[in-house]
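Student: I have a new model open and no idea where to begin. Can we go through it together?
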Amino acid sequence: MIPTITKKYQNVVISTGNIIATELLGQRKSEEELYDGLKLTLLSDPAAERVVVEKEIDELHGRVQRATQELTTRLTENGRNEISIGAKIFLNRRSAECVNQAVEALLGILSVTHVDNVVLAYHPNAVASATPVATTKSPCSEGLAVGKANNWSQRNGEEGVAQLKELYQSLEQYALKQQITQLGIADLDAAALEELHKSAQVAPTIAQVNLSTCCVVPPELQEFCTAHDIQLNTHSDPELLLPAEQFAGLAPGYTIDWSLRYQVHVRCRGVLTAKGYIVGASRSSN
């Protein structure tokens with residue numbers, strides 16, 4: 001299997017294409033979908049001619065993209081007003097530039113002028129808990145201790161809240177230009193969400209909570225969302241979508257800067273017609 005990324009590029013963007021068109025979709029975790037999607041995109045098997053043909057390297061932008069024509073077909077078979085495009089950006093380090101890169105890549109690769117919603121998941125301290133520990137206990141059985149451990153404000157402090165506000169401001173610029181219709185945020189407790197909401201030019205209208213860590217939506221978070229017309233959704237994404245060592249095995253010398261997942265639904269039927277991942281990565285200048 002031959003890597004299609006070489007050290008020619010300082011920064012690269014990798015698009016898995018529509019994973020619905022592959023065998024990757026099913027009862028799979030998001031981190032499994034991402035890893036296998038990247039594996040299919042970055043590694044070539046000389047015997048698998050179909051995979052090689054579906055791949056495209058954009059020399060100008062340093063992009064490796066899979067099945068671009070199939071994705072374009074899914075995005076254009078219905079009118080733009082007939083589909084809803086949502087995305088979630090996963091970020092583990094403070095970088096407004098990464099937020100901008102992610103949104104620009106999303107708009108560029110999907111060839112659209114706007115998307116319907118973007119949710120930001122920011123976990124600057126996720127690295128320490130990247131590798132899950134086998135256990136027979138559920139999070140609920142750990143009681144109050146786990147509740148505190150998964151409190152975003154307590155884990156990241158005032159500095160983390162300040163960083164989050166800065167990153168969110170980058171998303172707001174796209175909302176003000178009507179390139180993103182709705183903004184959302186993931187995994188915040190009520191205190192952090194209130195702090196963000198107070199300072200926002202474009203208030204978040206979507207909040208996601210991970211039920212695998214808190215089991216029940218905290219009442220204070222539910223009350224705040226209800227009072228401020230924020231749609232509260234649940235998810236099961238990990239804080240660190242792909243550990244560095246796993247990505248290094250696919251693209252040696254590169255590290256992930258940001259990753260995102262997009263989903264395209266047909267509005268009238270609620271049918272998922274396209275789903276994929278886009279990753280931004282860079283290599284050391286040394």
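Student: How many aromatic pairs does the structure hold?

Tutor: Zero. Keep in mind that this is a predicted model.

Student: OK, what about Lys177, which ring does its charged end sit over?

Tutor: The ring of Tyr174. The charged end of Lys177 is 4.8 Å from the centre of that ring.

Student: Which helices does Tyr174 help bring into contact?

Tutor: α4 and α6. Tyr174 is on the α6 side, along with Glu166, Leu167, Ser170 and Leu171. From α4 the contact takes Ala96, Val99, Asn100, Val103 and Glu104.

Student: How do people describe two packed helices?

Tutor: By the angle between their axes and the distance between the axes. Here, the axes of α4 and α6 come within 8 Å and cross at roughly 30 degrees.

Student: Is that crossing left-handed or right-handed?

Tutor: The α4 and α6 crossing is right-handed.

Student: Back to Ser170. Buried or exposed?

Tutor: Ser170 is buried, because its relative accessible area is 9% and buried means under 20%. The residue lies in helix α6, which covers residues 152-176. Leaving out residues up to four places away in sequence, Ser170 touches Ala96, Val99 and Asn100.

Student: Changing topic: how many residues are in the largest nonpolar core?

Tutor: The largest nonpolar core has 53 residues. Those with the most contacts inside it are Leu106, Leu171, Leu193, Trp258, Tyr262 and Ile278.

Student: Which helix gives the most to this core?

Tutor: Helix α4, residues 96-110, with nine residues.

Student: And what is Leu106 in contact with?

Tutor: Setting aside neighbours within four places in sequence, Leu106 contacts Ala87, Val115, Val118, Leu260, Tyr262 and Ile278. There is also a second, separate core of 24 residues. Phe90, Ala121, Leu250 and Ala281 are among them.

Student: One more residue. Where is Gln208 found?

Tutor: In strand β9, residues 206-210.

Student: Why is Gln208 called buried?

Tutor: Because its relative accessible area is 14%, and the cut-off for buried is under 20%.

Student: What does Gln208 touch?

Tutor: Not counting residues up to four places away in sequence, Gln208 touches Lys88, Val119, Ile185, Ala186, Asp187, Leu188, Asn233 and His235.

Student: And how many residues apart along the chain are Gln208 and Gln231?

Tutor: They are 23 residues apart along the chain, and their C-alpha atoms are separated by 8.3 Å.

Notes
Residues numbered from 1 in each chain as written. Predicted model: local features only at pLDDT ≥ 70, side-chain atom pairs only at ≥ 80, totals over all residues. Heavy atoms only, no water. Helix = DSSP H or I, 4+ residues; strand = E, 2+ residues; numbered from the N terminus. Buried < 20%, exposed > 50% of the residue type's maximum accessible area, 1.4 Å probe, protein only. Contact = heavy atoms within 4.5 Å. Phe/Tyr/Trp six-rings, centres within 6.5 Å; stacked < 30°, edge-to-face > 60°. Lys NZ or Arg CZ within 6 Å of the ring centre and 35° of its normal. Core = buried A, V, L, I, M, F, W, Y, C linked by side-chain atoms within 4.5 Å. Axes fitted to C-alpha atoms, helices over the stretch in contact; angles between N-to-C directions. Left-handed = near helix turned anticlockwise from the far one by under 90°.
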